[in-house]
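Here is a short report for a reader who has not met this structure before. Please look over the sequence and the model, then read on.

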Amino acid sequence: MRLILVLLVVTAVFMTSCSGNKNGQSDADVVADSLTADSLNADSLAVDLENLPMPKAADELFDDFLFNFVANRKLQMERIHFPLPVLTGKKTERLSRDKWKPEHFFMRQGYYTLLFDSERQMEVVKDTSVHHAVVEKIYFNTKSVQRYVFDRLRGAWMLTSIHNIPIAEDANASFLTFYHKFATDKDFQNKSLGETVHFVGPDPDDDFNMMEGIITPDTWEAFAPELPTKMIYNITYGSPKHNDNSKIFVLRGIANGLEMEMTFHRQKGNWKLVKLTT
């Protein structure tokens, strides 16, 4: 993501709630703390930025637009196609401007998650030709997905509809069902490791280099990250072709530099973790 204008302000605000481990916290602890961060930060930021125009360049990349959209209430109201169609099954409601409540998406928790089918697919985030994007709120407790559909119309990103669907109808349904059990059941998690898991992470002895190694099931507990279990986000850029046998789960901090990638392959019908990058 390019840190332009509003994103710089966003970073400054969240550095307070998501900055590092002064008390010896692990990365997992930092993530847990982010979940309980004061939600007033997002509201205060929105008020501060209401009269700040969005840079024209922010419409080139969806990520740049999205950070402006969630941080600026005035801009948000201007970039919604009212009355907004809200589709649930065969039922369509149209949400009027006065019924809309400001949407901050993942800003209040300080991190977000993404799903990709390959490392090559991850490059689409930087593609300025993308004209369609979907932000998904995936709720495991209700087994449902709320999909916010954005389209770039005449050069400007607009929220054009919301779709409520069961997880079973999502393109990533098989993996999402697996992921929830993987994140909540330690025994299942251990059984879902590949024979070896390739590990890539920062070298504790050299801040400028990465180290690589192999994680075996008997050493997994020392590396196992804390994962969100109730709800995750996903952003789909364009109209990608889905690979049902490969998934990269990305957890990315908004301002604390935290980033983790978990690569899964489906082997003989079962998803297996094959790589962990931190």
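The sections below cover a buried lysine, a helix, two spaces and some salt bridges.

## The model

This is a predicted model. Every value below was computed from it.

## A buried lysine

Start with K137. This residue sits in strand β4, which covers residues 132-139. Is K137 buried or exposed? Its relative accessible area is 9%. The cut-off for buried is under 20%, so K137 counts as buried.

K137 has a polar partner. Its side chain and that of E103 are joined by a polar contact of 3.0 Å. E103 also appears among the residues in contact with K137 when neighbours within four places in sequence are left aside. That list continues with F105, S144, V145, Q146 and Y148. It ends with M231, I232 and Y233.

## An enclosed helix

Helix α4 spans residues 62-71. How many of its residues are buried? The count is 10 of the 10, so the helix is largely enclosed by the rest of the structure. Phenylalanines F62, F65, F67 and F69 are among the buried residues of α4. So are D63, D64 and N68. L66, V70 and A71 are buried in α4 as well.

## One cavity

The search finds one cavity of 30 Å³ or more. The largest cavity has a volume of about 30 Å³. Which residues line it? F62 is one of them, together with E60 and L61. V124, V125, D127 and V130 also line this cavity. W157 and Y237 complete the lining. By type, the lining has seven nonpolar residues, two charged and no polar.

F62 therefore appears twice in this report: it is buried in α4, and it lines the largest cavity.

## The second largest pocket

The second largest pocket holds about 320 Å³ of space. Its lining has 15 residues. Nearest the centre lie K186, Q189, A224, P225 and E226. Two helices, α6 (173-184) and α7 (186-191), each supply at least two lining residues. The lining divides into seven nonpolar, four polar and four charged residues.

## Salt bridges

Side chains of opposite charge can pair when their charged atoms come close. The whole structure has eight salt bridges. Three of them follow.

R79 and D59 meet through their side chains, at 2.9 Å from N to O. R79 lies in the loop between α5 (73-78) and β1 (84-88), and D59 in the loop between α3 (40-49) and α4, so the pair ties together parts 20 residues apart in sequence. Both partners are enclosed. R79 is buried at 12% relative accessible area, and D59 is buried at 8%.

K275 and E119 form another salt bridge, at 3.7 Å from N to O. This pair links distant parts of the chain, 156 residues apart. K275 belongs to strand β12 (residues 270-277). E119 lies in the loop between β3 (111-116) and β4. K275 is partly exposed, with a relative accessible area of 23%.

The third pair is E259 and R252, whose closest N and O atoms are 2.9 Å apart. How accessible is each partner? E259 is partly exposed, with a relative accessible area of 28%. R252 counts as buried, at 18% relative accessibility.

Conventions
Residues numbered from 1 in each chain as written. Predicted model: local features only at pLDDT ≥ 70, side-chain atom pairs only at ≥ 80, totals over all residues. Heavy atoms only, no water. Helix = DSSP H or I, 4+ residues; strand = E, 2+ residues; numbered from the N terminus. Buried < 20%, exposed > 50% of the residue type's maximum accessible area, 1.4 Å probe, protein only. Polar contact = N/O pair within 3.5 Å; in protein donor to acceptor, adjacent residues only side chain to side chain. Contact = heavy atoms within 4.5 Å. 1 Å grid on protein atoms, 1.4 Å probe; cavity = no way out; pocket = protein on both sides within 12 Å on 5 of 7 lines; lining within 4 Å. Points joined across faces, edges and corners; volume = space filled by probe spheres on them. Nonpolar A, V, L, I, M, F, W, Y, C, P; charged D, E, K, R; others polar. Salt bridge = Lys/Arg side-chain N within 4 Å of Asp/Glu carboxyl O.
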